Amino acid sequence: MISPSGQQLVSGFRKSDGIHMVDPTEDGDYSICFDNSFSKMSLKMVFFGVVLNAQSGTRSEWDTVDQEDSLLDYTLGDIRLRLETMHRDLERTRQVQAALRAFEARDRYVLEDNLWRVSFWSCLTLLLMLTVASAQIHTLKKLFDEKKKVTTRA
């Protein structure tokens, strides 16, 4: 990940997965680069997500309510602060679950691909074993074949 000023913030090589958290320190466009130079022949599946932790500057309906109203020793500001914290925590939980679902989908894809390969090579090995077994049976039958004529002299 590269900052708008060109400074490299995060770098990782030969990793199957990873989660990086970066605090944005400057305004502008951040760049993300994925490199496939390690193995151009093998297939890869890439998933990435960008999570912004900063709250947006939109006004909510809580801003219009009088801040001095009190309800059972809680000010409206305390309730609003707790609700915003709860919302932020729930949003982060949703984002982490989405990342975990992506990891699970990648693992399932690899598992299904491996299952196909194992099944293919198992069937091929079974065919080879059956061919070798039939060849051995045929060879043994020919060794003990009694078609030779035995002549006796009288």
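Reader: What makes Asp107 count as partly exposed?

Author: The relative accessible area of Asp107 is 43%, and the term covers whatever lies between buried (under 20%) and exposed (over 50%), reckoned with a 1.4 Å probe and protein chains only. Asp107 is therefore partly exposed, since 43% falls between those two limits. Please keep in mind that this is a predicted model, in which local features need pLDDT of at least 70 and side-chain atom pairs count only at pLDDT 80 or more, while totals for chains, interfaces and linings use all residues. Residues are numbered from 1 along each chain as its sequence is written, and side-chain values use heavy atoms, with hydrogens and water left out.

Reader: How do you know that Arg106 and Asp107 meet in a salt bridge?

Author: A salt bridge asks for a side-chain nitrogen of Lys or Arg within 4 Å of a carboxyl oxygen of Asp or Glu. For Arg106 and Asp107 the distance from N to O is 3.0 Å, so this pair meets the rule. The count by this rule is five salt bridges.

Reader: Why is Arg106 called buried?

Author: Arg106 has a relative accessible area of 17%, and because that value is under 20%, the word buried applies. Of the 154 residues of the protein, 5% count as buried.

Reader: What makes Glu91 and Arg94 a salt bridge, and how are they placed in helix H1?

Author: Their side chains come to 2.4 Å, N to O, which is within the 4 Å limit, so the pair qualifies. Glu91 and Arg94 are three residues apart in helix H1, and so about one helical turn separates them. Glu91, at 28% relative accessible area, is partly exposed, and Arg94, at 45%, is also partly exposed.

Reader: How do you know that Arg117 and Asp113 are separated by about one helical turn?

Author: Arg117 and Asp113 stand four residues apart in helix H1, which is why the separation is put at about one helical turn. Their side chains meet in a salt bridge at 2.8 Å, N to O, with Arg117 partly exposed at 43% and Asp113 partly exposed at 30%.

Reader: What makes helix H1 stand out among the elements in confidence?

Author: Helix H1 (residues 76-143) has the highest mean pLDDT, 91, whereas S1 has the lowest, 49; pLDDT is the predictor's confidence in each residue, from 0 to 100. The protein averages 79, and 78% of the residues score at least 70. There are one helix and two strands, in the order β-β-α along the sequence; both kinds of element are DSSP runs numbered from the N terminus, helices being H or I with at least four residues and strands E with at least two.

Reader: Why is Val46 called exposed?

Author: Val46 has a relative accessible area of 53%, and because this is over 50%, Val46 counts as exposed. Val46 lies in the segment before strand S1 (70-71).

Reader: What makes Val46 part of a patch on the surface, and which residues share that patch?

Author: Patches take residues with over 30% relative accessible area and no salt bridge, joining like charges within 9 Å and nonpolar side chains (Val, Leu, Ile, Met, Phe, Trp, Tyr) within 5 Å. Val46, at 53%, is over that 30% limit, and this nonpolar patch joins it with Met1, Leu9, Ile32, Phe34, Phe48 and Val50. Together the patch has about 640 Å² of accessible area, a quantity that comes from the Shrake-Rupley method with a 1.4 Å probe, where for residues only the protein chains shown count as cover.
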